[in-house]
Amino acid sequence: MNAKGKLGEDCAANFLIERGYSILERNFRIRSAEIDIIAQIDNMIAFVEVKARSNIRHGLPSEAVNLRKQKKIIEAASVFLQNEKFSDYACRFDVIEVYLRGDFIEEVNHIENAFEVV
């Protein structure tokens, strides 16, 4: 992971903790997919993809979470839910956009329910 990605993920994790979430896992991997952050608040599990950007020349950070990426995240989430016995929890898929200016965080945008299982 590059420095910008690590900074973005650290920022997103702190953002969630400040809002009452517990971080269950970071960089949860299965053979073909990864989830940046798995967080819990109350009886909700949030599977969070973090996208950090210095500019929006190539579109908004959340737009990089295309259908292919969503399917991979959903696949990894289903493995997590089976292995970790969280079947009685509700779950959702979020994206956190982190806008950077150099090494400084300019803005954080948390998009809850950014996509759904179809």
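This is a short dialogue on reading a predicted protein model.

Trainee: Where do I start? How many helices and strands are in the protein?

Mentor: Start with the parts list. This predicted model has two helices and five strands. Then read their order. From the N terminus on, the elements run α-β-β-β-α-β-β.

Trainee: What does the radius of gyration say about the protein?

Mentor: Set the value beside the one that the globule rule gives. Here the radius of gyration is 14 Å, and the rule gives 13 Å for 118 residues. The two are close, so the protein is as compact as a globular protein of that length. The C-alpha trace spans about 40 × 30 × 25 Å along its principal axes. Buried residues make up 39% of the 118 residues.

Trainee: And how do I read the contacts along the chain? What share comes from residues 24 or more positions apart?

Mentor: Take the contacts with a separation of 6 or more. Residues 24 or more positions apart account for 52% of them.

Trainee: Now the sheet. How do strands pair in a sheet?

Mentor: Strands pair through backbone hydrogen bonds, either parallel or antiparallel. Here the five strands form an open sheet with mixed pairing, in the order E1-E2-E3-E4-E5. Look at the edges next. Strand E1 (22-30) and strand E5 (104-115) each have a single partner strand, so one side of each is left without a neighbour in the sheet. The twist averages 30° from one strand to the next.

Trainee: Are E3 and E4 parallel or antiparallel?

Mentor: Parallel. Strand E3 (residues 44-53) is joined to E4 by ten bridges. Find Arg53, then look across to E4: Tyr99 stands opposite.

Trainee: Next, the nonpolar core. Which residues have the most contacts inside the largest one?

Mentor: Phe28, Ile35, Ile38 and Phe47 have the most, in a core of 16 residues. Now ask what supplies the core. E1, strand E2 (33-41), E3, helix H2 (67-84) and E4 each give at least two residues. The largest share, four residues, comes from H2. Apart from this core lies another, of 15 residues, among them Phe15, Ile37, Val48 and Ala52.

Trainee: Can we zoom in on Phe47? What does it touch?

Mentor: Leave out residues up to four places away in sequence. Phe47 then touches Ile35, Ile37, Ile38, Ala77, Phe80, Leu81, Cys91, Arg92, Phe93 and Asp94.

Trainee: Arg92 is on that list. Is Arg92 buried or exposed?

Mentor: Check the relative accessibility against the cut-off. Buried means under 20%. Arg92 has 8%, so this residue counts as buried. Arg92 lies in strand E4 (residues 90-101).

Trainee: Which side chain shares a polar contact with Arg92?

Mentor: The side chain of Tyr21, at 2.5 Å. With residues up to four places away left out, Arg92 touches Tyr21, Met44, Ile45, Ala46, Phe47, His110, Glu112 and Asn113.

Trainee: Let me try another residue. Where is Ser22?

Mentor: Ser22 is in strand E1. Its relative accessible area is 40%, so Ser22 is partly exposed. Beyond residues up to four places away in sequence, Ser22 touches Ile38, Ala39 and Gln40.

Trainee: How many residues in sequence separate Ser22 and Asn2, and what is the spacing in space?

Mentor: Keep the two numbers apart when you read them. Ser22 and Asn2 are 20 residues apart in sequence. Their C-alpha atoms are 25 Å apart in space.

Notes. Residues are numbered from 1 along each chain as its sequence is written. This is a predicted model: local features need pLDDT of at least 70, side-chain atom pairs count only at pLDDT 80 or more; totals for chains, interfaces and linings use all residues. Side-chain values use heavy atoms; hydrogens and water are left out. Buried means under 20% relative accessible area, exposed over 50%, partly exposed in between (1.4 Å probe, protein chains only). A polar contact is a pair of N or O atoms within 3.5 Å; within protein, one must be able to donate a hydrogen and the other to accept it, and residues adjacent in sequence count only if both atoms are side-chain atoms. Contact means heavy atoms within 4.5 Å. Two strands pair if DSSP finds at least two bridges between them. Axes are lines fitted to C-alpha atoms, for helices over the stretch in contact, and angles run from 0 to 180 degrees between N-to-C directions. A nonpolar core is a set of buried Ala, Val, Leu, Ile, Met, Phe, Trp, Tyr and Cys residues joined through side-chain atoms within 4.5 Å. The radius of gyration is taken over C-alpha atoms; the globule rule is 2.2 Å times the number of residues to the power 0.38.
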